[in-house]
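User: I have a model open and would like to understand the labels attached to it. Could you walk me through the reasoning behind them?

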Amino acid sequence: MLSQSVYTLVNQQNGNLAFKLFEFDNNSYFDHIQRNNYFTLILITSGEGTAKVDFCDYSFKENTLFAFYPYQPFMLSAKKPLMGISIQFHHDFFCIYRHHQEIAANGILFNNIYQQPFVYLDESCKNTIIHLIREIARELKDEAFRKDEVLVSYLKILLVMATRIKLEQQSLQGAAKDKGKQQFMIQNLKNAIEDNFRVKHSASDYADLLNQTPASLARITKNHFNKTLSDLITERIIVEAKRELYLTDKTIKEIAYELGYEDEYYFSRLFKNKTDISPQIYRNTIGFNRGES
């Protein structure tokens with residue numbers, strides 16, 4: 001599919017890997033838990049299996065495009081041999097947060113706590129994505145003037161196309177799953193979390209807000225999101241914490257307080273429990289003043 005199996009781009013300022021594109025013909029790359037400090041796109045062109053993502057299990061098949069954000073835990077277990085292409089890029093090369101208005105990928109393709117972390121591609125969409133990947137590979141192979149700018153442009157287009165596909169699939173899935181009152185409750189729950197995650201952290205808080213019993217709301221959440229309500233709330237808090245650690249120079253104590261935690265050490269333990277790294281290490285490797293692109 002590509003003329004060679006691996007293409008890389010190194011950040012000339014610090015010597016770190018900025019961008020990598022590679023083909024794979026087995027599952028050895030992803031058959032163990034990954035917690036990478038970069039964004040990862042994985043296109044499965046052949047094979048099927050189970051993806052464990054944030055400790056939830058999802059079945060997948062060929063023509064699936066995965067999108068994982070930095071330090072998101074995932075692994076792919078193959079039922080049939082996997083083949084495909086992966087793109088990995090660091091915040092320093094392209095910042096999803098800073099380009100949010102241009103590509104709208106944050107909260108849809110990446111950092112989407114309410115949806116599965118992948119999209120299925122029909123033949124036309126798959127061919128479009130593969131065409132863009134080939135153009136990226138061609139640019140990576142050549143030593144051309146300002147190729148980093150061209151790569152960013154191609155990456156933006158790829159992310160926009162993938163985001164469009166996911167939005168369309170969300171719309172179709174929403175229509176298929178529409179069960180009147182329950183779908184209305186799911187939307188109300190999303191709205192409640194978005195409006196209150198900084199001040200309300202317990203499942204019972206949201207049960208009270210929505211006039212539901214905790215058991216009833218827990219059942220709806222598990223059926224629809226494949227997660228507990230507590231996990232859903234915590235994931236939303238962590239997503240916001242990452243955004244603050246990346247985009248601002250606020251202290252960890254300030255971020256913790258703004259997210260409703262008076263004890264910054266409790267907040268740091270919560271963050272590390274969910275991401276496997278401390279807020280300070282996240283900031284040092286991903287955070288403030290490291291994302292200019």
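Analyst: Happy to; we can go from the domains to their interface and then to the strands. Please keep in mind that this is a predicted model.

User: What makes this a protein with domain 1 and domain 2?

Analyst: The domain assignment gives residues 6–174 to domain 1 and residues 179–286 to domain 2. Their centres, taken over C-alpha atoms, are 25 Å apart. The contact draws 19 residues from domain 1 and 22 residues from domain 2, each counted with a cut-off of 4.5 Å between heavy atoms.

User: How do you know how much area domain 1 and domain 2 bury between them?

Analyst: The size of an interface is often given as the accessible area lost when the parts come together. Here that comes to about 2,000 Å², with 58% of it on carbon and sulfur atoms.

User: Why is the pair D276 and R35 called a salt bridge?

Analyst: The rule asks for a side-chain nitrogen of Lys or Arg within 4 Å of a carboxyl oxygen of Asp or Glu. The N to O distance between the side chains of R35 and D276 is 3.6 Å, so the pair meets the rule. Across the interface of domain 1 and domain 2, the rule finds one salt bridge.

User: Which polar contacts and residue classes go with that interface?

Analyst: Six residue pairs are in polar contact between domain 1 and domain 2, with both residues at pLDDT 80 or more. On the side of domain 1 that touches domain 2, strand β4 (residues 56–60) gives the most, with three residues. By class, that side has nine nonpolar, six polar and four charged residues.

User: How many salt bridges does the rule count, and what does the pair D276 and R35 tie together?

Analyst: The count comes to 17 salt bridges. D276 sits in the loop between α9 (264–275) and α10 (279–286), while R35 sits in the loop between β2 and β3 (39–53), so this pair ties together parts that are 241 residues apart in sequence.

User: How do you know that β1 and β2 pair?

Analyst: Pairing needs at least two bridges. Strand β1 (residues 6–10) and strand β2 (residues 17–24) are joined by five and run antiparallel, so they qualify as paired. For instance, L9 has F19 in β2 as its bridge partner. The hairpin has six residues between these strands, and G15 takes a positive phi near 80° there.

User: What makes β2 and β6 a pair too?

Analyst: β2 and strand β6 (residues 74–89) share six bridges in the antiparallel sense, so they also pass the cut-off of two. E23 has I85 in β6 as its bridge partner.

How values were computed:
Residues are numbered from 1 along each chain as its sequence is written. This is a predicted model: local features need pLDDT of at least 70, side-chain atom pairs count only at pLDDT 80 or more; totals for chains, interfaces and linings use all residues. Side-chain values use heavy atoms; hydrogens and water are left out. Domain bounds come from an automatic or database domain assignment. Buried area is the accessible area (1.4 Å probe) that two parts lose on being put together, summed over both. A polar contact is a pair of N or O atoms within 3.5 Å; within protein, one must be able to donate a hydrogen and the other to accept it, and residues adjacent in sequence count only if both atoms are side-chain atoms. Helices (H or I, at least four residues) and strands (E, at least two) are DSSP runs, numbered from the N terminus. Ala, Val, Leu, Ile, Met, Phe, Trp, Tyr, Cys and Pro count as nonpolar, Asp, Glu, Lys and Arg as charged, and the others, Gly among them, as polar.
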